[in-house]
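Ready for some practice in reading a protein fold? Work through each exercise below, then compare your steps with the solution.

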Amino acid sequence: MRRRAVVVKGLGLVLAGALAAGGGMADEAVVEVEIRQYAFHPAEVVVKPGTVVRWVNREKRQYHSVWFEGLDKEEPEYFFPEETYERRFDKPGVYRYRCGPHPEMRGVVRVVD
Ligand SMILES: [Cu+2]
């Protein structure tokens, strides 16, 4: 996957939107979601098409997964503290996900053109 060094934390939504709105920019926006204390932060992100969402496991020792049941029949592999999981979203839509081992952990990616 093509990667870009821009990592936007916290206020990623705004920055990602600004990057995408740049039109001619070839750069790929990355929005980061942290996993802490069995929750996704933020639990909801709104991104432009073409954005990569990167989940970062900030737990001390707990692994998690990011499972889009509407997209993936099988649960993706777990990732461990300080590891990441990435997915690129090209089509507008509402994409809900959860953690495989912890179904109460839920989030949503809204892709808005
Ligand atoms: Cu989990």
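**Exercise 1.** Find which residue of strand 4 stands opposite Glu-34.

*Solution.* Keep in mind that this is a predicted model. Start at Glu-34 and look across to strand 4: the residue standing opposite is Val-56. Next, look at how strand 1 and strand 4 are joined: they run parallel, with six bridges between them.

**Exercise 2.** Work out the order of the strands in the open sheet and name its edge strands.

*Solution.* First, write down the order of the four strands, which is 2-1-4-5, with mixed pairing. Then go to the two ends of that order: strand 2 (39-41) and strand 5 (84-89) are the edge strands, because each pairs on one side only, and pairing takes at least two DSSP bridges between two strands. Finally, consider the angle: on average, neighbouring strands of this sheet are turned by 25° against each other, direction ignored.

**Exercise 3.** Describe the largest nonpolar core and say which strand gives the most to it.

*Solution.* Begin with the count: this core holds 17 residues. Those with the most contacts inside it are Val-31, Val-45, Val-47 and Val-53. Now turn to the strands: strand 1 (30-36), strand 3 (44-47) and strand 4 (51-57) supply at least two core residues each. Strand 1 gives the most, with four residues.

**Exercise 4.** Summarise the whole chain: how many helices and strands are there, and what share of the residues is buried?

*Solution.* Count the elements to get one helix and seven strands. Reading along the sequence gives the pattern α-β-β-β-β-β-β-β. For burial, take the 113 residues of the chain: 24% of them are buried.

Methods
Residues are numbered from 1 along each chain as its sequence is written. This is a predicted model: local features need pLDDT of at least 70, side-chain atom pairs count only at pLDDT 80 or more; totals for chains, interfaces and linings use all residues. A nonpolar core is a set of buried Ala, Val, Leu, Ile, Met, Phe, Trp, Tyr and Cys residues joined through C-beta atoms within 7 Å. A residue is buried if 20 or more other C-beta atoms lie within 10 Å of its own, exposed if 12 or fewer, and partly exposed in between; C-beta atoms are placed from the backbone. Axes are lines fitted to C-alpha atoms, for helices over the stretch in contact, and angles run from 0 to 180 degrees between N-to-C directions.
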